[in-house]
Amino acid sequence: MAVRVVLAEDNALLRHGLATLIERADGLDLVGTATDRPSLEQAVRDHDPDVVVTDIRMPPSRSDEGIKVAGWLRRERPRVGVVVLSQHAEATYALALLEGGSSGRAYLLKERVAGVDDLLRAIRAVAAGESVIDPAVVEGLVAANARRQHSELERLTPRELEVLSHMAQGWSNAAIAAALVLSERAVEKHSNSIFAKLGLTDEPDLNRRVKAVLLYLHSGHRPASGPTGKVATPG
C-alpha cells in the first residue's frame, strides 16, 4: 500500500514544489497539506497519514512548531513518522526531536532536499520506523557535545554535579535534598545555577531538567545510584 503523507509548509512556492515531488513518487500518496500548526494537526486528524513532512518554523509563532507537532504525534499517534525540514543545522532542535526516541523521525536540511531522492528516502524510512539525520546535523551534535563536555559542565561545582547526577536518576528536589542533607530551597538554588551555566534559563522547567540531564549523560557521566543500588536513566 502507498505511504500516506501530509505536508506542512507555509512558503507557497516551496509547498507546491514539495507536493509535486511527493505526488509524482512511486508508492507515496499526498493526502493533505497545511500552512501552520493548527491546520497541520487538523489534517492529521482528517487524513490519518503514515508520515508527516513539516517545516520546523511555521505560524503562529514561527519558532519550533514542527518539533511541537512531532511531540504531539508521539503522544497521540505514535505510529506516524515525522520528517522535519529545517533551514539550519540546529543541534538543539535535533535533540528535542529525538528526546522521546529516534524511531520514525528524520531531520533534514532544506538545502539538501533539492536532491529529490534524499527526501523520498527519508519519508520511506520513517514510515518503516527508521530514522534519518542529515550528516551536517550529526556533525553539529558531535561538536555541540564536545563543547559541552569541555566547557559548560566543567563550570559546575562539585555540589552542582551531585545535584545534576541525582536529576539524572529522576529524583525530585525533595528526594535530592534528603539524599544530600540539604534544604529544598538549597537544591532549587543549585538547580537554577546549573540551568544558568548550561544556558537553559529560558526553557520551561521540565524541558530544562531533561536537557540538563541529556548534556550530563552525553558527556559520559553516569547518574547517581538510586535506593535500590541500580542506575536508572530518564525514559
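User: Which residues does Asp-64 touch, not counting residues up to four places away in sequence?

Analyst: This is a predicted model, in which local features need pLDDT of at least 70 and side-chain atom pairs count only at pLDDT 80 or more, while totals for chains, interfaces and linings use all residues. Residues are numbered from 1 along each chain as its sequence is written, and side-chain values use heavy atoms, with hydrogens and water left out. Asp-64 sits in the loop between strand E3 (51–55) and H3, where helices (H or I, at least four residues) and strands (E, at least two) are DSSP runs numbered from the N terminus. With contact meaning heavy atoms within 4.5 Å, the residues that Asp-64 touches, leaving aside those up to four places away in sequence, are Ile-56 and Tyr-93.

User: What distance separates the C-alpha atoms of Asp-64 and Tyr-93?

Analyst: Asp-64 and Tyr-93 touch, although they are 29 residues apart along the chain. The separation of their C-alpha atoms is 7.9 Å.

User: Which helix gives the most residues to the largest nonpolar core?

Analyst: A nonpolar core is a set of buried Ala, Val, Leu, Ile, Met, Phe, Trp, Tyr and Cys residues joined through side-chain atoms within 4.5 Å, and buried means under 20% relative accessible area, exposed over 50%, with partly exposed in between (1.4 Å probe, protein chains only). The largest such core has 25 residues, of which Leu-40, Val-52, Leu-73 and Tyr-107 touch the most other members. Elements giving two or more residues to this core include strand E1 (3–8), helix H2 (37–47) and helix H3 (65–76). The most, five residues, comes from H3.

User: On which side of H9 do its buried residues lie, and which residues are exposed on the other side?

Analyst: Helix H9 (residues 184–197) has 14 residues, and its buried residues are Val-187, Ser-191, Ile-194, Phe-195 and Lys-197. These cover an arc of only 165° around the axis (taken from the directions from the helix axis to the C-beta atoms), which puts them on the same side of H9. An α-helix has 3.6 residues a turn, so residues three or four places apart point the same way. The residues exposed on the other side of H9 are Arg-185 and Lys-189.

User: Which residue just after H9 takes a positive phi?

Analyst: H9 covers residues 184–197. Just after H9, a positive phi of about 70° is taken by Gly-199.

Technical notes:
The expected span of a helix is 1.5 Å times one less than its number of residues.
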